[in-house]
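Trainee: I would like to learn how to read a few features of this fold. Please start with how the elements are named.

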Amino acid sequence: MTEAYSDFAAVYDTLMDNIPYDEWFSYLHELLIEYGINCGIIAELGCGTGNITERLSRSGYDMIGIDNSASMLDMANEKKSENNSSSLYLCQDMREFELYGTVAACISICDSINYITEEDDLLTVFKLVNNYLDPKGIFIFDFNTRHYYKDVVADATIAEDRDDISFIWDNYYDDENDINELSLSIFIKEKANNNLYRKYEELHLQKGYTLSKIKELINASGLEFITAYDAFTKNPADENCERIYIIAREKGK
């Protein structure tokens with residue numbers, strides 16, 4: 001899994017300003033409280049620029065943010081300084097992440113799990129989570145479904161033009177391998193020359209998982225599957241959902 005968002009990192013928060021992070025945080029925080037995680041250490045896999053990490057830190061949790069993009073973590077550390085928080089950011093691949101001890105909970109949202117495109121690798125991630133959770137610790141993560149990639153955004157093009165930044169986002173879904181290919185072109189205005197835009201290109205690959213496959217991998221990892229919700233609701237999830245939240249638990253090493 002190569003580093004994603006390397007060129008996008010510097011403008012990620014600007015272009016993602018339509019994401020209701022406060023609402024996403026509130027939903028996640030409610031789930032943590034519901035399952036008894038009122039305090040303690042939480043590790044976030046695929047933390048990006050720290051939007052959720054820092055919100056949880058402000059709520060009293062001791063946060064560890066893990067991401068394989070050093071550029072994204074640079075942005076996260078800037079927020080850490082601004083918030084005067086104690087968050088610890090680690091540049092690690094979630095398939096090989098290492099912690100200094102166990103944690104009360106692990107989280108992974110914003111479809112970071114979909115960047116693990118091999119089932120064996122995702123099983124490894126789940127096993128590592130189980131290993132680093134406290135006894136009966138909680139794992140909460142979301143993922144975009146196969147249905148979402150295949151039936152909702154397949155072959156779609158999203159473009160946005162702003163004064164200083166523009167982007168073109170082309171999707172292609174490989175149905176045979178359940179891989180969504182996202183080709184991203186970013187145009188950023190040069191500060192020294194208002195007539196010049198510099199182009200950056202990235203290719204992102206994400207796996208379209210089914211709920212049944214995720215359950216299978218959770219059970220194989222040693223984790224205990226608890227429930228699955230249609231994202232941002234308490235409605236039971238099924239294969240027709242676009243984004244699903246999973247709650248699992250450590251059940252003994």
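Mentor: Helices (H or I, at least four residues) and strands (E, at least two) are DSSP runs, numbered from the N terminus. Residues are numbered from 1 along each chain as its sequence is written. This is a predicted model, in which local features need pLDDT of at least 70 and side-chain atom pairs count only at pLDDT 80 or more, totals for chains, interfaces and linings use all residues, and side-chain values rest on heavy atoms, with hydrogens and water left out. As a first case, Gly 60 has a positive phi of about 105° and comes just after H3.

Trainee: Is H3 largely enclosed or hardly covered by the rest of the structure?

Mentor: Buried means under 20% relative accessible area, exposed over 50%, and partly exposed in between (1.4 Å probe, protein chains only). H3 is largely enclosed by the rest of the structure, because seven of its eight residues are buried. The buried residues of H3 are Asn 51, Ile 52, Thr 53, Glu 54, Arg 55, Leu 56 and Ser 57.

Trainee: At what angle do the axes of H3 and H4 cross?

Mentor: Axes are lines fitted to C-alpha atoms, for helices over the stretch in contact, and angles run from 0 to 180 degrees between N-to-C directions. The axes of H3 (residues 51–58) and H4 (residues 70–83) cross at roughly 25° and come within 9 Å. That makes H3 roughly parallel to H4 (under 35 degrees is roughly parallel, over 145 roughly antiparallel, 65 to 115 roughly perpendicular, and the rest oblique). In the contact (heavy atoms within 4.5 Å), Asn 51, Glu 54 and Arg 58 of H3 meet Lys 79, Lys 80 and Asn 83 of H4. By class, this contact has no nonpolar, two polar and four charged residues (Ala, Val, Leu, Ile, Met, Phe, Trp, Tyr, Cys and Pro count as nonpolar, Asp, Glu, Lys and Arg as charged, and the others, Gly among them, as polar).

Trainee: Which residues of H5 meet H7?

Mentor: H5 (residues 119–132) and H7 (residues 211–221) pack at an angle of about 50°, with their axes 9 Å apart. That makes H5 oblique to H7. Glu 119, Leu 122, Leu 123, Phe 126, Lys 127 and Asn 130 of H5 meet residues of H7, including Ile 214, Leu 217 and Ile 218. The contact of H5 with H7 has seven nonpolar, two polar and three charged residues.

Trainee: In what order do the four strands form the open sheet?

Mentor: Strands of a sheet pair through backbone hydrogen bonds, either parallel or antiparallel. Here the order is E6-E7-E8-E9, with antiparallel pairing (two strands pair if DSSP finds at least two bridges between them). E6 (157–161) and E9 (197–207) stand at the edges with a single partner strand each, so one side of each is left without a neighbour in the sheet. Neighbouring strands are turned by 10° against each other on average, direction ignored.

Trainee: How many bridges join E6 and E7?

Mentor: E6 pairs with E7 (residues 165–174) over five bridges, in the antiparallel sense. Thr 157 has Asp 170 in E7 as its bridge partner, and Asp 161 has Ser 166. The two strands form a hairpin with three residues between them. E6 is hardly covered, with zero buried residues among its five.

Trainee: Which residue in the loop between E7 and E8 has a positive phi?

Mentor: Asp 178 lies in that loop, and has a positive phi of about 55° although it is not a glycine. Asp 178 counts as buried, at 17% relative accessibility. Asn 84 also has a positive phi of about 55° without being a glycine, and sits in the loop between H4 and E3 (88–91). Asn 84 is exposed, with a relative accessible area of 70%.
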